Structure formats: C-alpha cells, structure tokens
Amino acid sequence: KQEEELRIKNQPINDLKKNPLDRAALANLKPLIQASRDSDEKCRLCVIYCLGILATGNAVEGFAARSAIARDYPRQLLADLSDRNLSDVCDKCESGRSKQVCLKCKGTGRCVPCEGVGRGAKVGLDGQQLRCLICTGNGRCRECSGTGSRSELCKACSGRGYSFSLTKCKSLYMGLLGE
C-alpha cells in the first residue's frame with residue numbers, strides 16, 4: 001500500500017520527466033505541493049514548478065511564483081532561483097545603461113542654436129555678438145554636455161545589466177527533475 005501511495009505521489013514528477021514542458025503535468029504539481037508536510041520537499045516542489053513555468057515561456061506566472069517562494073521560504077537556500085542562475089549578462093548595454101545618439105545635437109556635441117560657436121545672433125551695445133543663452137557660450141550641447149551621446153536605462157534589461165535566460169532556466173529545471 002505504501003508503495004502505491006508513493007507511486008501516486010510521484011506521478012506528477014514522473015510525468016514531467018517524460019514531458020517537461022507539459023503544462024497539465026505542471027498544474028498537477030500544485031495539489032502535491034499543498035499536500036506536502038515536509039517544508040524542504042515543499043520548497044523543492046515549488047522551485048520545480050517555478051522553473052517549469054518559466055521554461056514554458058510564462059515569465060509572468062514564473063516570476064510571481066519565484067516571489068511567492070522567496071516570501072514563503074525565506075530561510076531556504078534558493079540559489080536555483082537567483083538572478084545569477086537564471087540570467088545572462090545583457091548584450092545590449094554596459095551595466096544596465098546604453099548609449100544613444102543625442103537627439104538634440106544629432107551626435108555632433110555642438111549647441112544647435114549657435115552651431116557650436118558659443119555666440120548668439122544678437123549683438124550687444126558694444127557691437128559684439130552676445131553669448132549664446134542656451135550653452136552659455138561654451139558651444140556644447142546642453143542635453144549631452146558636448147559628448148554627442150546620452151546614457152539611458154537599457155530597454156532590453158530594464159537597467160539591471162542582465163536578462164532572463166530561457167536556456168539556463170530549462171537547464172536548471174531539467175537538473176531538478178533528474179534528482
């Protein structure tokens with residue numbers, strides 16, 4: 001009888017070993033998680049569920065599950081769900097920031113109104129051209145400080161410097177199913 005109970009209990013995991021991206025098999029983990037009395041086993045099953053959901057491409061539910069695990073199991077070692085293990089360095093930026101051509105000067109670095117001369121079109125009482133009011137006479141674009149580019153949060157990684165890796169997620173998930 002105990003053998004039969006163990007087989008039934010392990011059925012969702014066995015189903016996932018056969019077809020790891022089967023959403024129905026992943027859904028069958030939920031009752032098993034709720035029925036588990038062992039905190040470590042419950043946490044392990046939650047991590048398998050989370051990685052499985054992420055591996056199917058459902059990032060919203062997967063990251064919500066990750067947040068719930070972090071909340072419900074604060075003392076557990078959850079290294080498998082760390083950003084370092086689930087992410088790659090963003091290839092679109094440097095540390096979460098990307099350089100873009102300055103929209104104001106179009107990358108020249110020069111003040112647009114005075115064309116980088118530092119003098120305006122108006123002449124003062126002494127007959128000299130007045131300093132440009134936009135760049136205060138330095139000739140540099142005010143938006144980019146004369147660099148011709150501006151730094152902004154990377155859109156690809158939302159400024160984190162790393163982005164979610166489906167490949168790493170699937171690898172971790174398959175490793176946990178094999179345990």
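Biologist: I have picked out G161, which lies in the loop between β5 and β6. How are elements such as β5 and β6 defined?

Modeller: Helices (H or I, at least four residues) and strands (E, at least two) are DSSP runs, numbered from the N terminus. Here β5 covers 149–153 and β6 covers 162–164, with G161 in the loop between them. Before we go on, note that this is a predicted model, where local features need pLDDT of at least 70, side-chain atom pairs count only at pLDDT 80 or more, and totals for chains, interfaces and linings use all residues. Residues are numbered from 1 along each chain as its sequence is written, and side-chain values use heavy atoms, with hydrogens and water left out.

Biologist: Is G161 buried or exposed?

Modeller: Buried means under 20% relative accessible area, exposed over 50%, and partly exposed in between (1.4 Å probe, protein chains only). G161 counts as buried because its relative accessibility is 12%.

Biologist: Which residues does G161 touch?

Modeller: A contact means heavy atoms within 4.5 Å. Leaving out residues up to four places away in sequence, G161 touches V89, C90, C93, S95 and G96. As for K106, it is 55 residues from G161 in sequence and 26 Å away in space, C-alpha to C-alpha.

Biologist: What is the phi of K106?

Modeller: It is near 60°, a positive value in a residue other than glycine. K106 sits in the loop between β2 (97–101) and β3, and counts as exposed because its relative accessibility is 65%. S158 also has a phi near 60° and is not glycine. You will find S158 in the loop between β5 and β6, and its relative accessible area of 53% is why it is exposed.

Biologist: Let us turn to a helix. How does the span of α4 agree with its number of residues?

Modeller: The expected span of a helix is 1.5 Å times one less than its number of residues. For the 17 residues of α4 that gives 24 Å, and the end C-alpha atoms are 24 Å apart, so the two agree.

Biologist: How many residues of α4 are buried?

Modeller: Twelve of the 17, so to speak of α4 as mostly covered is fair. Among them are C43, L45, Y49 and A55. A general point helps when you look along a helix: an α-helix has 3.6 residues a turn, so residues three or four places apart point the same way.

Biologist: What is found at the start of α4, and what comes just after it?

Modeller: At the start, a side-chain oxygen of D38 comes to within 3.2 Å of the backbone nitrogen of D40. Just after α4, G57 has a positive phi of about 100°. T56 is in the loop between α4 (39–55) and α5 (59–72), and counts as buried because its relative accessibility is 18%. Apart from residues up to four places away in sequence, T56 touches L21, R23 and L26.

Biologist: Which polar contact does the side chain of Y49 make?

Modeller: A polar contact is a pair of N or O atoms within 3.5 Å; within protein, one must be able to donate a hydrogen and the other to accept it, and residues adjacent in sequence count only if both atoms are side-chain atoms. The side chains of Y49 and K30 are joined by one of 3.5 Å. Y49 is in helix α4 and counts as buried because its relative accessibility is 9%.

Biologist: Last topic, empty space. What volume does the largest pocket have?

Modeller: Rolling a probe the size of a water molecule over the atoms shows where empty space is left. On a 1 Å grid over the protein atoms alone, a cavity is a set of points where a 1.4 Å probe fits but cannot get out, and a pocket is an open set with protein on both sides within 12 Å along at least five of seven lines; lining residues have an atom within 4 Å of a point. Grid points are joined across faces, edges and corners, and a volume is the space filled by probe spheres set on the points. The largest pocket has a volume of about 180 Å³. Two or more lining residues come from each of β3 (119–123) and β4 (129–131), and β3 gives the most, with four.

Biologist: And how many cavities of 30 Å³ or more are there?

Modeller: One. The largest cavity has a volume of about 40 Å³, and its lining includes K104, C111 and E143.
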